[in-house]
Each structure stands twice: as C-alpha cells, then as structure tokens.
Amino acid sequence: QSTLGYAAAFAKMPGVLSVAPMYRGIALTLPNQGGQNVDVLAVDPAALAQTATWRADYASQSLASLMATLRNAKHGANAGVSDLPIVALIDQTYANNFQLAVGQRFQLSPQEAGQADTSSSVHFIVGGIVQDFPTLYDEYPTGYIIVDLNDYLAALKNPNLAAYAENGPNEFLMRTTADCV
C-alpha cells in the first residue's frame, strides 16, 4: 500500500503545522570500498525546509540553501543513472572517509529489505557537506547522505539500477504547536 497520501492526512491532524515526508534506508559502498553500510535519508526539500529545526553549527549553509540545492537539481525517472547522478548532501565523516568534495561523484548500492545487489549501483554527485543533520547521526563509521525523496524513490524503482518495490515515504517529520499531544 502506498504511503504517498499520509503526509496530507497527518497535516489535517489538530496541532500539526507542517509535515515532511522522508524515506530512510541503507546503501552499501562499492565492493572495492569494503561494501560498508551508509545511512540514506531521502527528503522532500520544500517540506523539510518548512518543518525541520536548524542550527548554524549543522553546516556552513542554511537549511533553505541546502534544500534548494536538492530541489534545483535535475530530476526524473532516470535519476541515479551515470548521466543523471542524484545530488547528495554528505556528512563530513563520509566526505573524509572517501575523500569527497562538492562536485565529485560517487556510487552506492541500495540495500532494501535486507538485500543488496552490489552488481548495480546508483550514481550521486556531492552538492554540499554538513556537520550534522536533523534525525541523523553517524550510526555507521562511514557516515550518511541526504538526497531528494522523489529522485531516490525513482532510482529504487528503476529496473536498471535497483528494481525495488517501494511504496513511498517510510517516515514523516512533523512540526506541531506547543500544545499538540
């Protein structure tokens, strides 16, 4: 069952000011990089910019600027192929581990439902580097990445990249009024 309509339903709940749909998953580095776990957070850039709380020490850029980087990237059903890499924000740990800077490309193999096909991979390009990001921490020593929700779901569904049957967002961040229960 698709979860795409859930955000609208949550937004109608009393005390909810805004809702940001997200998809949290895991990807693996390529086998020549050890096949290590990497957290992936796919977000709706416009909704997250209105919903998340941001601190200046999270990154040298504002949340609005970082989300604009994701929002203004090329999108489409072929997002993630080598000619149309998905723009990713990466944390400093990931950047350090793989010697990456803004504008450089990398690849990961999505791992969904405990399975990963390391013979195929999704292509990314670094759009920014963050120190911290809401709802994320370095669960794995490799770090984490943040990408556009629609682009990542398109890549997961693409039979040439991953071919996973995903039903949409699997998490929703909500901004609520102080008296919301």
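In the predicted model, Arg55 and Asp57 are joined by a salt bridge in which the closest N and O atoms are 2.9 Å apart. Both partners are partly exposed: the relative accessible area of Arg55 is 42%, and that of Asp57 is 44%. A search of the whole structure returns two salt bridges. Arg24 and Glu171 also form a salt bridge, with a distance of 2.5 Å between the closest N and O atoms. Because Arg24 belongs to strand 1 (residues 16–28) and Glu171 to strand 8 (residues 171–176), this pair ties together parts of the chain that are 147 residues apart in sequence. Arg24 is partly exposed at 24% relative accessibility, and Glu171 is likewise partly exposed, at 25%. Since residues count as buried under 20% relative accessible area, the value of 24% leaves Arg24 in the partly exposed class.

Aromatic pairing was examined next. Nine aromatic pairs are found in a search of the whole structure. In one of these, Tyr23 and Tyr152 adopt a tilted arrangement, with 6.3 Å from centre to centre and 45° between the planes. Tyr23 lies in strand 1 and Tyr152 in helix 5 (residues 149–157), so the pair ties together parts that are 129 residues apart in sequence. Both rings belong to buried residues, the relative accessible area being 3% for Tyr23 and 1% for Tyr152. Tyr94 and Phe98 form a further tilted pair, for which the centres are 4.8 Å apart and the planes make an angle of 45°. Here too the residues are buried, Tyr94 with a relative accessible area of 1% and Phe98 with 15%. Ring pairs extend this arrangement into a cluster that links Tyr94, Phe98, Phe106 and Phe124.

The surroundings of Thr142 involve two members of that cluster, since Thr142 touches Tyr94 and Phe98. Thr142 is placed in the loop between strand 6 (122–130) and strand 7 (144–148). Despite this loop position, Thr142 is buried, with a relative accessible area of 2%. Its side chain reaches the backbone oxygen of Asn37 at 2.3 Å. When residues up to four places away in sequence are not counted, the contacts of Thr142 comprise Gln36, Asn37 and Val38, together with Thr93, Tyr94, Asn97 and Phe98. Asn37 therefore appears both as a contact of Thr142 and as the residue whose backbone oxygen is reached by the Thr142 side chain, and a polar contact requires N or O atoms within 3.5 Å.

Strand 6 was then considered with respect to burial and pairing. This strand is mostly covered, as seven of its nine residues are buried. Strand 6 pairs in the parallel sense with strand 3 (residues 86–91), over six bridges. Within this pairing, Ala88 has Val126 of strand 6 as its bridge partner. Strand 6 is also joined to strand 4 (residues 105–112), by four bridges, and these two strands run antiparallel. In strand 6, Val122 stands opposite Leu108. In a regular strand, side chains alternate between the two faces of the sheet.

Backbone geometry was examined at two further loop positions. Most residues other than glycine have a negative phi. Gln99, which is not a glycine, has a positive phi of about 45°. Gln99 is located in the loop between helix 4 (92–97) and strand 4, and it is exposed, with 63% relative accessibility. A positive phi, of about 75°, is likewise found at Thr135, again not a glycine. The loop between strand 6 and strand 7 holds Thr135, and the location of Thr142 is in that loop as well. The two threonines fall into separate accessibility classes, Thr135 being partly exposed at 37% relative accessibility, whereas Thr142 is buried at 2%.

How values were computed. Residues are numbered from 1 along each chain as its sequence is written. This is a predicted model: local features need pLDDT of at least 70, side-chain atom pairs count only at pLDDT 80 or more; totals for chains, interfaces and linings use all residues. Side-chain values use heavy atoms; hydrogens and water are left out. A salt bridge is a side-chain nitrogen of Lys or Arg within 4 Å of a carboxyl oxygen of Asp or Glu. Buried means under 20% relative accessible area, exposed over 50%, partly exposed in between (1.4 Å probe, protein chains only). A polar contact is a pair of N or O atoms within 3.5 Å; within protein, one must be able to donate a hydrogen and the other to accept it, and residues adjacent in sequence count only if both atoms are side-chain atoms. Contact means heavy atoms within 4.5 Å. Rings of Phe, Tyr and Trp (its six-membered ring) pair if their centres lie within 6.5 Å; planes under 30 degrees apart count as stacked, over 60 as edge-to-face and the rest as tilted. Two strands pair if DSSP finds at least two bridges between them.
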